[in-house]
Amino acid sequence: MRRRQLLAGGVALAAGSGLTRPSLAASPASTLRFVPQADLSSLDPVWTTATVAFNHGMMVYDTLYGIDASLTPRPQMVAGHEVSDDGLSWTFTLRDGLVFHDDEPVRAIDCVASINRWGRRKGFGQQLLALTQEIAALDDRRFRIRLKSPFPLMTFALGGPDICMIMPERQAKVDAFAQVTDAIGSGPFRYLPGERVSGSFSAWERFAKYQPRQEPPSFWAGGKVANVARVEWRVIPDPATAANALQQGEVDWLESPLFDLLPTLRRQPGVKLVSTSSLPTPGVIALNHTQPPFDNPKLLRAILPAIDQAEFMSAVVGDQTDLMTVPTGVFTPGTPMAGDAGMEVLTGKRDLALARKLVAESGYKGEPVVFMSASDQAALVPIAQVGQSLFRQIGINVDFQSMDWGTLVGRRASDKPAAEGGWNVFCTSWAGLSLSNPGSHFPLRGNGKGGWFGWPTSPRLESLRDAWFAAPDLAEQKRICAGMQRIALEEVPFVPVGSYNLPAAMRGSLDGVVQASGTMFWGVRKG
């Protein structure tokens, strides 16, 4: 399926700007007007892996540590830590002046509760808790983690890809598998729930009592200075309308402009394209392993001979092939754990006839497969369209259901049969940092119902993941990851469909944007 077919019936550029102008009220110079990739349907970055919830979380919550541009963890909320000689006791001391948005001081017990909740859902956190004997507050400013065995990745676990955001104790006591419904943090911006308009608008204001660190910002580390008084998220589902709003100065920043509009935006005076991440974005097909038909390993393997990553990514980027990366394996291209082990199943000749034969021989009975597609995610729409077309071509009975991202995020949490409101397939993408190592790689987990949506079970993957955490050096980590990739391309916990790089589009007057994973709002200035 070619890209132009996918976009047929969509927006088209006319002469000049060629875009329909939206009706948006002007905002003061101190307000940053941002168009997110989707609406903020959940306030809880622990409960969901949705990028919008993560971006919101990094505004509202502060973190104990944060990695810098070299991926080195740096102190953030902590003044420092001490480690015992045997590596089994870590004592952390909070820095002065930490205050939550409700004017309550940040205490060590808040950190203890937050780590415990985070540790139930996030990969590095789960590993930490498995090695932990006790996490306890010593007083209001100090807490201690006592381990059963050394965990040298402690600060990377707390401040790296699975970064631990600190909530008040009362929030952090909410079960990790239930959503926190308010958002009180101690970060540089305070969420304004009274201004929320479901599906269209969210707002934050600068938290006057936040005390940023003195170091310059770098990735998720350093001083988080709120240079704007307000941040407003304005959901504009139509990409052309959003692009025209940017050109007219009615919004300041598009997180995910349509790839087809990038050449036009690049030529517009007063508009610039900015890469906010140094890593590509991997796309994946998620499969529900707990329900027929994808509880059948033979059917999972039958899909792979048909997967043409170049077709998927061409549907996303069009002729801008410099914005795509294929082949993409289990780990993010360009990162140390990426390699070519087992990749012949994805890089060899594509064979639809073989895939059809394998599907027929798998025992698949033709039952409907609910394939969910996010209608308001510009990059995910073409991935889903190529995917559902491919599934049909190899003999899978697809029930293609399009919905907004918020609805998809809610539905994918259901493990019910598809006929009872569950699902079988959806497409998504991940921040490259998240899929760069086994610790934070949610789709690669094999821990069943304790894992990411799709819930595959793989004792072999889990065993190698544990070995990766204990590996003595980079060479051994890479050897283990090669083995994990071979297993993943045999057991198919998910399907990698290539990677892409989507720059943000913003007004030329914006500067100070911090290159990181996700979209960060501290440091940004409006000229």
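Which residue forms a salt bridge with Glu215? In this predicted model, select Glu215 together with Arg213: the two form the salt bridge, and their closest N and O atoms are 3.2 Å apart. Glu215 is partly exposed, with a relative accessible area of 37%, whereas Arg213 is buried, at 16%.

**Helix 2 and the loop before it**

Select residues 51-60 next, which form helix 2; 9 of its 10 residues are buried. Among them are Val52, Phe54, His56 and Met58. To see what the buried residues of this helix pack against, add strand 8 (189-191), strand 9 (201-206) and strand 10 (230-234).

Then move to Asp44, in the loop between strand 1 (31-35) and helix 2. Asp44 counts as buried because its relative accessibility is 0%, under the 20% limit for that class. A polar atom of the Asp44 side chain lies 3.0 Å from the backbone nitrogen of Val46. Beyond its neighbours within four places in sequence, Asp44 is in contact with Ala53, Arg117, Met167, Ala178, Gln179 and Val180. Ala53 is one of the buried residues of helix 2.

**The four-stranded sheet**

Display the open sheet of 4 strands, which are ordered 4-5-7-6 and paired antiparallel. At its edges are strand 4 (78-83) and strand 6 (132-137), each of which pairs on one side only. From one strand to the next, the twist averages 15°. Strand 4 is joined to the antiparallel strand 5 (residues 89-94) by 5 bridges. Within this pair, select Val83 and find Trp90 of strand 5 opposite.

Helix 3 (residues 108-121) packs on the sheet, where it touches strand 5, strand 6 and strand 7 (142-147). The direction of helix 3 makes about 150° with that of strand 6. Add helix 4 (residues 123-131), which lies across strand 6 and strand 7 and runs at about 100° to strand 6.

**Further salt bridges**

The structure holds 27 salt bridges. For one of them, select Arg107 and Asp110, whose side chains meet at 3.2 Å, N to O. Arg107 is partly exposed, at 30% relative accessible area, while Asp110 counts as buried, at 2%.

Finish at helix 16 (residues 474-491), where Arg479 and Glu476 are separated by about one helical turn because they are 3 residues apart. Their side chains meet in a salt bridge of 2.8 Å, N to O. Arg479 is exposed, with a relative accessible area of 52%, and Glu476 is partly exposed, at 24%. Returning to Arg107 and Asp110, add Glu169 and Lys173: salt bridges with shared partners join these four residues into one network.

Terms used. Residues are numbered from 1 along each chain as its sequence is written. This is a predicted model: local features need pLDDT of at least 70, side-chain atom pairs count only at pLDDT 80 or more; totals for chains, interfaces and linings use all residues. Side-chain values use heavy atoms; hydrogens and water are left out. Buried means under 20% relative accessible area, exposed over 50%, partly exposed in between (1.4 Å probe, protein chains only). Helices (H or I, at least four residues) and strands (E, at least two) are DSSP runs, numbered from the N terminus. Contact means heavy atoms within 4.5 Å. A polar contact is a pair of N or O atoms within 3.5 Å; within protein, one must be able to donate a hydrogen and the other to accept it, and residues adjacent in sequence count only if both atoms are side-chain atoms. Two strands pair if DSSP finds at least two bridges between them. Axes are lines fitted to C-alpha atoms, for helices over the stretch in contact, and angles run from 0 to 180 degrees between N-to-C directions.
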